[in-house]
Amino acid sequence: MTVTLTQPAVGGPQLPQERRLVTEIPGPVSKRLAARKDGAVSSAVGTMLPVYVAAAGGGVVVDVDGNSLIDLGSGIAVTTVGNSNPRVAEAVAAQVAAFTHTCFMVTPYAGYVEVAETLNRLTPGDHDKRTALFNSGAEAVENAVKIARSHTGRQAVVAFDHGYHGRTNLTMALTAKSMPYKSGFGPFAPEVYRAPMSYPFRDSGSGIDGEAAARRAIDVIEKQVGAANLAAVMIEPIQGEGGFVVPAPGFLPALAAWCTGNGVVFVADEVQTGFARTGDLFACENEGVVPDLIVTAKGIAGGLPLAAVTGRAEMMNAPHAGGLGGTYGGNPLACAAALAVFDSIEADGLVDRARQIGTTMAERLTALQAADPRIGDVRGRGAMMAIELVQPGTTEPDAALTQRVAAAAHAQGLVVLVCGTWGNVLRFLPPLSIPDHLLVEAFNVLEQIFKQS
Ligand code: PLZ
């Protein structure tokens with residue numbers, strides 16, 4: 001992965017790489033579809049920016065009214081290699097023509113094994129590994145917990161403040177934020193405990209560095225759970241939905257070392273950070289952390305539903321034969337897509353591309369912050385950057401401003417997402433296939449929005 005690109009190979013259909021607004025956002029055709037949605041889809045399923053999509057690729061999303069929006073969301077960090085990436089489209093088309101499903105547990109196929117072999121090779125650490133495939137991030141997180149419990153014979157699981165791990169029952173328990181993920185949906189799975197996270201922006205001034213933050217978390221774990229009862233520590237190396245919180249240096253290594261010393265399985269949830277997104281293939285690598293189990297999804301298969309748990313062979317092999325599985329886990333189409341994604345990351349130099357995009361975004365966001373005291377923090381890594389919006393000079397969240405800025409960005413043809421425990425973080429997750437001129441244009445638009453908001 002040493003190829004350096006200034007302009008990436010454009011993924012997806014050869015769509016004009018431009019921001020083009022021909023109607024208001026959303027346009028009339030999208031509005032008609034939104035009305036049909038209201039009559040047909042559960043109102044509990046929200047849509048953040050209700051432009052209905054006709055095509056997407058490179059760095060744009062084109063809607064049914066003919067508007068072309070700049071994509072700074074990648075479908076929440078999924079289309080890292082670009083939407084409808086040609087390698088992915090070709091591999092999936094060939095697979096769909098050959099066979100679509102047999103169920104790996106019934107009559108297996110090579111694609112599943114090849115994805116497992118590749119993940120075993122690419123994930124951090126050169127120990128003996130095994131992999132199991134699933135459909136969604138949440139399903140894989142649940143299975144990581146099953147594996148850790150089988151391996152340790154213990155039950156408790158620790159997750160962190162601001163953490164997000166999914167919407168199923170066990171993963172709701174692991175997720176920190178109540179609204180909209182958990183409220184009214186309890187009771188939640190037992191034996192899940194929460195520890196304090198390292199959150200440099202909010203820890204600043206208290207003299208808590210990464211190691212001190214780890215000691216703070218470990219103290220809670222030892223006193224409130226007890227190492228002897230603890231199967232797994234589950235953590236996102238950079239938190240996603242919780243606000244792109246990057247823990248202080250030293251936090252993750254200290255936590256991982258404590259887990260190793262106490263027979264606790266250290267699980268990295270790299271569902272959002274994985275596959276070149278952060279400028280490393282996996283975010284853990286930044287500090288040389290080798291997780292016992294690593295959970296991946298999202299960017300793994302270019303938009304097809306696939307997720308994985310990869311980890312130490314003795315842990316992955318701990319559950320009884322037949323103890324892990326599912327009808328669709330490692331579906332042949334998703335596996336074909338994943339193999340094409342792995343090729344694209346390597347052949348198109350996407351790890352380097354993520355770093356370039358990160359440098360550009362960090363420069364633009366830092367300049368914005370210098371001009372606007374409402375931007376309390378600029379953080380993230382690679383093509384996963386965010387700004388936290390606050391009352392100037394404080395850490396008091398400004399969710400209203402965040403909503404205003406996001407709405408203005410949408411109206412002007414930028415797909416941006418909001419996250420954070422307080423809903424005051426604007427995050428940027430462009431596909432790595434975005435051309436430089438669109439990235440520059442997007443931040444020019446954003447700069448104007450901040451001046452006017
Ligand atoms: N772990 C770290 O980011 C999914 C969720 C959006 P699934 N994040 C986007 C929403 O509002 O539902 C995520 C994640 C991390 C696990 C998951 C869950 O992955 O594929 O959505 O189940």
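This report walks through a ligand site, two buried residues and a small sheet in a predicted model.

## About the model

Local features of this predicted model need pLDDT of at least 70, side-chain atom pairs count only at pLDDT 80 or more, and totals for chains, interfaces and linings use all residues. Residues are numbered from 1 along each chain as its sequence is written, and side-chain values use heavy atoms, with hydrogens and water left out.

## Around the ligand

Let's start with the ligand. It has 15 residues around it, where a residue counts as near if one of its heavy atoms lies within 4 Å. Gly-137, Ala-138, Arg-167, Asp-269 and Gln-272 come nearest. The shell divides into 5 nonpolar, 5 polar and 5 charged residues. In this grouping Ala, Val, Leu, Ile, Met, Phe, Trp, Tyr, Cys and Pro are nonpolar, Asp, Glu, Lys and Arg are charged, and the others, Gly among them, are polar.

Several side chains make polar contacts with the ligand (pairs of N or O atoms within 3.5 Å; within protein, one must be able to donate a hydrogen and the other to accept it, and residues adjacent in sequence count only if both atoms are side-chain atoms). Asp-269 places a polar side-chain atom 2.7 Å from a ligand nitrogen, and Glu-241 does so at 3.4 Å. For Tyr-164, a side-chain N or O atom is 3.2 Å from an oxygen of the ligand. On its own the ligand has 510 Å² of accessible area, and the protein covers 82% of that (Shrake-Rupley method, 1.4 Å probe; for residues, only the protein chains shown count as cover).

## Two buried residues

Ser-198 sits in the loop between strand 6 (192–195) and helix 7 (200–203). Helices (H or I, at least four residues) and strands (E, at least two) are DSSP runs, numbered from the N terminus. Ser-198 counts as buried because its relative accessibility is 1% (buried is under 20%, exposed over 50%, partly exposed in between; 1.4 Å probe, protein chains only). Its side chain reaches the backbone nitrogen of Ala-248 at 2.9 Å.

Thr-171, in helix 6 (residues 169–174), is also buried, at 0% relative accessibility. Leaving aside residues up to four places away in sequence, Thr-171 touches Ala-138, Val-141, Glu-142, His-165 and Gly-166 (contact means heavy atoms within 4.5 Å).

## An open sheet

Four strands form an open sheet in the order 1-2-3-13, with mixed pairing; strands pair if DSSP finds at least two bridges between them. Strand 1 (53–57) and strand 13 (414–415) are at the edges with a single partner each, so one side of each has no neighbour in the sheet. Strand 3 (residues 68–71) pairs with strand 13 in the parallel sense over 2 bridges, and Ile-70 stands opposite Leu-414 in strand 13.
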